[in-house]
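Me: I am new to this structure and should be grateful for a close look at a single part of it. Please explain how that part is built and how its surroundings are arranged.

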Number of protein chains: 2
Amino acid sequence: MSRSVGIVKSKIFHCKDELSLACGQSLKEFELVYETYGKLNSKKNNAILIPHALSGNHHVAGKYHKADKYPGWWDNMVGPGKPIDTNQYFVIGVNNIGGNDGSTSAKSINPKTKKIWGSSFPIVTVQDWVLAQKKLIEYLGINQLYAIVGGSLGGMQAIQWSIAYPDAVKKILCIAAAPSLTAQNIAFNEIARQAILQDDNFFKGDFYQHHTKPKKGLRIARMLGHITYLSNDAMDKKFGRKLIQGKYNYNFQKNYEIESYLNYQGDKFASSFDANTYLRMTKALDYFDLEKIYKKKLSKVCSKIKADYLVISFTSDWRFPPARSKEIVTALLDNNINVTYAEIKAETGHDAFLLHNDHYHQLISNYLRS
Amino acid sequence: MSRSVGIVKSKIFHCKDELSLACGQSLKEFELVYETYGKLNSKKNNAILIPHALSGNHHVAGKYHKADKYPGWWDNMVGPGKPIDTNQYFVIGVNNIGGNDGSTSAKSINPKTKKIWGSSFPIVTVQDWVLAQKKLIEYLGINQLYAIVGGSLGGMQAIQWSIAYPDAVKKILCIAAAPSLTAQNIAFNEIARQAILQDDNFFKGDFYQHHTKPKKGLRIARMLGHITYLSNDAMDKKFGRKLIQGKYNYNFQKNYEIESYLNYQGDKFASSFDANTYLRMTKALDYFDLEKIYKKKLSKVCSKIKADYLVISFTSDWRFPPARSKEIVTALLDNNINVTYAEIKAETGHDAFLLHNDHYHQLISNYLRS
């Protein structure tokens with residue numbers, strides 16, 4: 001029996017409501033590209049929302065064609081008989097405002113000017129995304145989500161949901177996330193942004209009209225990202241000091257396997273990802289700071305929450321290490337919220353949240369069934 | 001009483017000997033810029049060599065003019081009454097081959113072509129540097145150095161000295177170093193190199209003729225370096241999530257203090273440092289691998305060593321963490337070499353080796369006197 005959701009098709013939700021953004025600007029209307037897997041039951045109480053992380057999108061599971069080389073980004077997690085079981089749950093994947101894959105973004109036409117937004121597209125935040133996702137959920141006729149399952153930046157959206165709409169979600173599964181970025185996290189984001197902003201092909205964000213892309217900057221940004229997704233140990237195990245041809249080449253061509261890997265990942269990303277999206281995603285990460293948004297201590301902010309929580313971290317994740325997840329757990333416990341915390345032993349760093357791991361998958365499956 | 005070496009002047013050592021490099025090429029002749037502090041005694045047995053790290057040079061201590069804003073890069077360590085006491089020792093600072101500050105490098109004239117070397121300047125290694133430094137030491141009439149004190153890449157040169165010339169040095173002080181880079185270390189270097197190599201103003205290394213510099217790439221490289229020099233905790237303590245103007249600006253201008261710091265450091269470096277030097281320094285780091293060079297296990301490589309060793313690491317250094325220093329210690333112990341190991345408690349990350357710390361400075365001072 002196949003454990004895939006099979007061939008899927010994305011849909012578009014066109015929302016005519018004005019969306020007021022945290023930055024002060026607003027979108028007169030907007031579109032969200034989304035996918036669903038499984039069936040919404042008659043009580044409409046089996047829906048699970050999966051918000052995406054930095055470079056993710058709405059295509060969570062399945063393939064578009066039989067010949068598709070790769071399935072959706074969390075296909076190991078979502079499907080019939082999988083931890084997020086589409087035989088039981090109605091699963092929703094959605095591309096965020098400002099995203100790379102079809103939702104209203106800098107690549108879209110600004111209805112006011114009839115021109116591509118480009119540089120004038122606003123800075124979007126986690127709050128804005130949750131606001132837009134709520135509209136989609138309402139449009140699908142769902143009053144309360146059974147769960148939101150989010151990893152990394154997706155975990156931040158899950159937290160924000162439980163605060164902004166306490167009655168609209170029963171369970172939050174918050175994975176490899178943090179209540180805010182550290183100075184080091186922001187530093188990595190800023191270097192990625194500088195690489196893009198300073199690329200001669202960026203044209204201050206209006207590169208579309210020049211029929212070009214700031215690929216050099218995007219490459220650097222992505223290579224840098226990959227360092228923070230993998231643990232030092234995982235990199236050593238996978239690449240170590242292995243040389244591509246077994247010897248020093250004494251030039252600046254690729255020499256070590258780790259160089260080859262990073263350059264490959266950088267090239268792949270640069271040809272498919274939108275620079276304005278990347279800039280905005282990193283900014284949304286930087287700006288996610290519940291204490292700043294709600295002008296209260298984290299414990300106070302969490303007093304609104306009604307959902308039960310499963311918080312998961314991975315031992316070797318140095319981007320959002322276990323200590324950051326524990327900050328969330330502590331704030332929840334301060335409010336007597338029903339919270340389960342698990343620190344999963346994994347060597348693969350931040351990437352662990354996307355990879356198969358028996359303990360991790362069993363935990364998600366059990367928690368959703370409980 | 002002043003504890004400064006005072007006003008200093010750099011000198012040039014012009015070596016007419018051919019220098020055979022590890023890459024297979026050779027330099028017909030070469031120049032090394034160097035400085036000395038203190039006096040060489042009549043027995044010529046009080047000399048201490050201080051090789052520099054990635055962005056360092058020969059200007060270790062003192063000032064060039066009274067109005068000089070900053071002294072040499074290790075002025076807190078070297079001077080009369082300081083841990084490396086110039087009342088006792090004759091201290092030598094030297095700019096390496098390929099370096100930024102006057103020694104033969106890509107900016108020099110190739111004697112064969114009478115043109116600037118530029119892209120054709122060879123890739124240099126730690127072995128090459130030590131070879132050249134040995135020539136300088138001989139020129140100064142010194143048979144045996146009392147000590148070599150090196151931090152980071154400087155520590156690697158110190159190790160290499162003790163293997164290549166076992167009789168030419170009595171004491172090695174190897175600080176915040178490693179016997180080789182990890183995959184993660186190489187990854188950071190490769191991203192820095194890619195930023196420079198892909199800069200439109202790099203002109204494949206021949207930017208001098210175009211009267212320009214790959215400043216954008218150098219900026220990124222330096223910003224990235226700074227992340228690895230500081231610990232996560234030090235960054236949080238110094239910058240945290242502090243905003244320059246106390247509020248979100250919702251654009252891509254500098255918003256957090258950490259962004260301002262990194263951009264400032266990047267700009268400063270890009271206007272003063274040579275891109276070809278940066279590329280070659282990172283490559284020398286990547287290529288320093290005693291097991292690869294000598295085709296033996298580290299313990300076997302260290303069997304040649306006669307010098308006593310002081311190995312120092314810093315608790316919060318994640319670029320070359322204590323575990324890497326312990327690899328060196330273990331290999332030395334395997335050979336019954338007289339080795340002292342100290343792990344200094346410091347919050348400041350890899351940068352700690354350059355900063356004042358009472359325990360650290362006392363340790364260096366005592367070890368040199370012992």
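Reply: The following account begins with one strand of chain B and then moves outward to the helices, the contact between the chains and the domains of chain A.

The model is predicted. The part chosen is strand 11 of chain B, which covers residues 145-151. Seven of the seven residues of this strand are buried, so strand 11 is largely enclosed by the rest of the structure.

Strand 11 of chain B has strand 5 of chain B, residues 47-51, as a parallel partner, joined to it by two bridges. Within this pairing, Ile148(B) of strand 11 stands opposite Leu49(B). Strand 11 also pairs with strand 12 of chain B, residues 169-175, again in the parallel sense, and here there are six bridges. In that pairing, Val149(B) has Leu173(B) of strand 12 as its bridge partner.

A helix belongs to this arrangement as well. Strand 11, helix 2 (residues 153-164) and strand 12 of chain B together form a right-handed β-α-β unit.

Helix 2 can also be examined in chain A, where it comprises residues 153-164. Its 12 residues should span 16 Å at 1.5 Å a residue, and the C-alpha atoms at its ends are 16 Å apart, which agrees. Of these 12 residues, 11 are buried, so helix 2 of chain A is largely enclosed by the rest of the structure. Among the buried residues are Leu153(A), Met156(A), Ile159(A), Trp161(A) and Ile163(A).

Helix 3 of chain B, residues 183-197, offers a further case. From first C-alpha to last, this helix of 15 residues reaches 20 Å, close to the expected 21 Å. Helix 3 of chain B is mostly covered, with 14 of its 15 residues buried.

The contact between the chains takes 40 residues from chain A and 40 residues from chain B. On the side of chain A that touches chain B, helix 3, helix 4, helix 5, helix 6 and helix 7 of chain A each supply at least two residues. Helix 3 of chain A gives the largest share of that side, 11 residues. By class, this side of chain A holds 23 nonpolar, eight polar and nine charged residues.

Chain A is assigned two parts: domain 1 (11-181 + 291-369) and domain 2 (185-282). Their centres, taken over C-alpha atoms, are separated by 25 Å. The contact between them takes 23 residues from domain 1 of chain A and 18 residues from domain 2 of chain A. On the side of domain 1 that touches domain 2, the residues divide into eight nonpolar, 11 polar and four charged.

Notes: Residues numbered from 1 in each chain as written. Chains lettered and ligands numbered in written order. Predicted model: local features only at pLDDT ≥ 70, side-chain atom pairs only at ≥ 80, totals over all residues. Helix = DSSP H or I, 4+ residues; strand = E, 2+ residues; numbered from the N terminus. Expected span 1.5 Å × (residues − 1). Buried ≥ 20, exposed ≤ 12 C-beta atoms within 10 Å, placed from the backbone. Contact = placed C-beta atoms within 7 Å. Nonpolar A, V, L, I, M, F, W, Y, C, P; charged D, E, K, R; others polar. Pairing = 2+ DSSP bridges. Right-handed = clockwise from strand over helix to strand, strands pointing away. Domains from an automatic or database assignment.
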